[in-house]
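Biologist: Could you take a close look at one part of this model with me, please? I'd like to begin with the loops and then go on to how the chains are arranged.

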Number of protein chains: 2
Amino acid sequence: MSGHQPTPDGTPMVTKILADWVVTTQTKDIPAEVREEGLRTFVNWVGCAVGGASHETADAALRAVMPFSGPRSATVLGRTEKLDIFHAALVNGITSHVLDYDDTHLKTIIHPAGPVASALLALAETRPMSGEDFLTAMIIGIEVECRIGNSVYPHHYDRGWHITGTAGVFGAAAAVGKAIGLSPQQMRWAFGLAASQSSGFREMFGTMTKSFHPGSAAKNGLLAAIMAEAGFDSSERALEAPRGWAFTTSDKQDWSEIVGDLGVTWESALNSYKPFACGIVIHPTIDGCIQIREEIGDKVNEIASVALTTHPLVLELTGKRDPKTGLEGKFSVFHSAACALLRGDGAPTAFTDEIVTAPDIVALRDTIIATADPTCHEASVDIVVTFKDGTTLHKHVARAIGSSDVPLTNEQIDTKFTVQSALVIGEEATKKLLELAWKTATLSDVSDVARASVHDVKGQAAAE
Amino acid sequence: MSGHQPTPDGTPMVTKILADWVVTTQTKDIPAEVREEGLRTFVNWVGCAVGGASHETADAALRAVMPFSGPRSATVLGRTEKLDIFHAALVNGITSHVLDYDDTHLKTIIHPAGPVASALLALAETRPMSGEDFLTAMIIGIEVECRIGNSVYPHHYDRGWHITGTAGVFGAAAAVGKAIGLSPQQMRWAFGLAASQSSGFREMFGTMTKSFHPGSAAKNGLLAAIMAEAGFDSSERALEAPRGWAFTTSDKQDWSEIVGDLGVTWESALNSYKPFACGIVIHPTIDGCIQIREEIGDKVNEIASVALTTHPLVLELTGKRDPKTGLEGKFSVFHSAACALLRGDGAPTAFTDEIVTAPDIVALRDTIIATADPTCHEASVDIVVTFKDGTTLHKHVARAIGSSDVPLTNEQIDTKFTVQSALVIGEEATKKLLELAWKTATLSDVSDVARASVHDVKGQAAAE
C-alpha cells in the first residue's frame, strides 16, 4: 500500500505539516496586512456572489437542486431561496464566479475566495462564528489552496485541470476544518477526502460548468471536513504519496511551495480583484483600449484595424474569434478589445448576448489581429491602432489595472461591488450590505452578512 | 477555446457518439445474455450493499450526512435510515464496496455496479420505473463506464487514479440520464458535468475513502444528470477534447475502446462477481490455499513456510506484510493466504480485526514469501507449501474461481448473497429479498427491492 510505504527520499510529510499548521494557527499569528487583504477578499467575494445571483446559470443550478435540499439554513446570496449548507455552498460558489469578475491569485490563476468563502459562510449559518474567526479560517483556507496550487503550477494547469476547482477543494476543507475544530488527524483525513473529490477541466471554459467548479469545490471541501469530523478516515498522505494527488494530477511537485515559510510568507496577501468581468489575461487589453478611447474620443469610429501583441496565454485561453453569447464573449480578446474601444466597458454589461452580437462591435472585432509573444509579461499588452486615414496610434500597457503592481483601491472595490450588486438587490440594500461587509472583523455573527444580501426581507436588507 | 477548436486528426466525436447511443438504445437492443448478466450484476450488488450496511464505514458516513439530508425518499439498503437521493446514492455506493466483495470488470478492475446501481436505485424511489427499464438503464450505464475505463486503462490506473471512481461517475450519469430521458445534448452536458466531478486516488486504498469513491461517483453522476436536465450546460466534448477528461487524466486514449462495436459487443456482459471479500488480485491465492486445506486437512498445522508466485499487481496492490486491522488485511496477500490455509475462509469473516491479529494466523503469515512473475496470468498463482518435516506440496491455480473462465454460478451468487445479508437483516428477510431481486425484470416498480432490504418493517421484509 502506497499510503504506508516509506516516504520517498526528500519528500516531506506535506499533508501532516499542512494539517498541523491549519489546526494550530491562531488569529494573532496572522499579520495585520494579511488580515486586511483577507477582508478585501471577502468584501469583493460578497459583491461578486450577489452580482451573479440573477444569472441564468444560478437559475439552472437552483432548478436542479432545490427539490433535494435538506434543512434550508443557508442563504443563497442575493436571492430569497435558502438551501442546506452543501447546496448553498455549491450555488454561492457558482454565482461568485459566473461573471468572471472575482478574485485572482495571479501566480496560479486560482480564484481563491469562491471555493473557500462559499463553504465557510454556508457553514456559519448552522455553526455560528464571529467575523474574526470567519476571516481567520478563510485566510487559512486560501493560504492552503494557493500553496497547493503553487506546488503543481504550471504543469497541472497546462495538463488541462481548472486549478480553481482542483486546488480549491483543499482550501474549502481547510477553512471548514479550522472553523469546526478538527484534530490534526481529522484534518489529514479531510485533505484525503478533499483530494478524492478534486476535479474540474479547462475544457469547460465558456460553459456553465466553469462556474460549477468553484461551487463543487466548496460543496465537496465542506463535505470532506464534515465527514472527517464524523470519523470517516482517509489516507494521511493524500498530497505527497506516490499515488496521491500531486503525483497523479501533475508532473511537477514542488513541496517547498507548500511547506516553505509556512506562516511567514502569505500567498493569501497576494490576492487581486478583477476590474473587468472576464478572464484576467484579457485585462491588459481592455485597460489599454479604454485608455485609447479616453484619449481619442469619437475617433474610435475611424478605426480601420487593431493589432495586439500579448502573452501567449491570452490566445490560448481567450482566442475565440466568433463569440455568439455573452459567456463566449468572455473568452474572446477580440470582442473584449472592440467593446472596450467602442463602449469603454469591461463590466458585466460588456458581456451580454446583445453586446456580443452588436453589429458595430462585431465589425471592429473582425479587424483585430492578435499575436502571441512569449516575452510579453502577463500583465502587459502592446496595442497598435490603424485609422482609416492610414495614421496609427501606439499604446503600451506595462502593468494592467488590477494586477499586483496596480491593485484596486478599497474605493474601486466599493464601486465594483455597487455596480454589480445594485442590479440584483437594489441600491439601498447594496449600500447597507457593503457597509456591513467591511465591518466583518467586528461582527459577533458573520452570517449577518449572508442575511443582509437578500433585498426583500421586510424592506430591511442589512442586519443592523 | 479548446471546446470549439477543430477536432484533432483522427479523434472521433466520442462524447456525441456515446451520448447518442445512450439516448437511443432500447431494451430490445440488448441481447438476452447481456440482460441476464445485468440481472446477476444487480442481484450481487444488492447482496453486497446489504452486507456492508452494518459496517462502521456506513455508520461514519451516516453520522456525517444525516443532519443535512433533504426529503428522505430513498432507502439506505439494509438499514432503517432513509436519505435524499444524493446522499442515499453516496451511502449505498459506500456500503456495496466496503467489504471488497462486489463485482469486477476484470479488464480494468472497475467495480461497475457500485456507482451505477447506487445512483439509479435511489432515483427510482422518486421517479418510479419498472424493473425492466431499470435494468436497461443500469446495463447502459455499466457499458459506458467500462468502455470509458478501457479507453485509458492501464495508464490512467497506473498513474494513480482509482478507476471505479473516475470512470464510474460517467456510468452513473449515463444510467440516470437514460432513465430520466435526457435529450442527446443534455446527455453530452451530463458527461461534461460528470467529467468535472471525476476523482478518486489509489492512495486511499486501505482506508474508508476507498469505498467513498464509488459512493461519490454515484452521487456526482446523479447530480450531473439532474443538472443537465435542468438546463445547466457544459462542454459537449468532455471526453475527447484536448483539455478534456481523457487527455488530462491519462497518457493513453484509445477511442476505439469507447465507440468501436458500440451496441454489438458488450463489456457489461464481462462482469464478474467476487467469491472472496478482498481485492480480486488475491483471489487465485485464496482459491489455491482453500484447495490445499481441503486436500491436507489438519496437516495445515504442520506448515513451515509458503512460497507464492503471482502476477506483479498482487504485491503492488496487496503487499501489506503486517496488517493490523480487518480493512488492512484485505490488502495483504500474506494474511489472506494464511487465513485461507488455517480457516478455509475468504468471506467477510476472514477480514475482521480479530482474525487479522490471531496469533496462529500471524505466525503462518510471517513465513510466507511472495514473488512477482510478469509471465503469471492475473487469474493464476503458483503455491509451494513446505512442511516442518521438509516435504513440499505444489498447487497451481490456472484460473481462479470468480474469474471470467470460472464464473460464479447463480447458486454461488445466492450463497454469497445469503452469507453476508443474513448477518445484517436476518435469514428470513434475506430469503425474501433474494427472491425478489431475481424477479427484478418483472417488477412494475423496482424500488420494491430497495424497500425489501430493510428487515424491521413490521416483520415484513419483502414487498409482495
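**From a loop proline to the contact between chains**

Modeller: Happy to. A:Pro154 sits in the loop between α6 (131-152) and α7 (155-159) of chain A. Please keep in mind that this is a predicted model. The peptide bond that joins A:Tyr153 to A:Pro154 is cis, with omega at about 5 degrees. Now look at chain B: B:Pro154 is in the loop between α6 (131-152) and α7 (155-159) of that chain, and the bond from B:Tyr153 to B:Pro154 is cis as well, with omega near 5 degrees.

While you are in the loops of chain A, here are two other backbone spots to visit. A:Ile109 belongs to the loop between β3 (103-105) and α5 (113-124), and its phi is near 60 degrees, a positive value in a residue other than glycine. A:Ile109 counts as buried because 20 other C-beta atoms lie within 10 Å, and the cut-off for buried is 20 or more. A:Asp261 also has a positive phi, near 55 degrees, and is not a glycine either. A:Asp261 lies in the loop between α12 (256-259) and β4 (271-273) of chain A. Here the surroundings are sparser: A:Asp261 has 10 other C-beta atoms within 10 Å, and 12 or fewer means exposed, so this residue is exposed.

Now step back to the two chains. A turn of 180 degrees, with a shift of 0.0 Å along the axis, lays chain B on chain A with an RMSD of 0.1 Å. That is how a two-fold axis relates two copies. To find the axis from chain B, go to B:Gly70: its C-alpha is the nearest one in that chain, 1.7 Å from the axis. Both copies use the same surface, since 98% of the contact residues of chain B recur in chain A.

What goes into that contact? Chain B gives 57 residues and chain A gives 56. On the side of chain B that touches chain A, α3 (56-65), α4 (85-98), α9 (184-195), α10 (208-229) and α11 (245-249) each supply at least two residues. The largest share comes from α10(B), with 7 residues. By type, the residues on this side of chain B divide into 25 nonpolar, 23 polar and 9 charged.

Key: Residues numbered from 1 in each chain as written. Chains lettered and ligands numbered in written order. Predicted model: local features only at pLDDT ≥ 70, side-chain atom pairs only at ≥ 80, totals over all residues. Helix = DSSP H or I, 4+ residues; strand = E, 2+ residues; numbered from the N terminus. Least-squares fit on C-alpha atoms with pLDDT ≥ 70 in both. Contact = placed C-beta atoms within 7 Å. Nonpolar A, V, L, I, M, F, W, Y, C, P; charged D, E, K, R; others polar.
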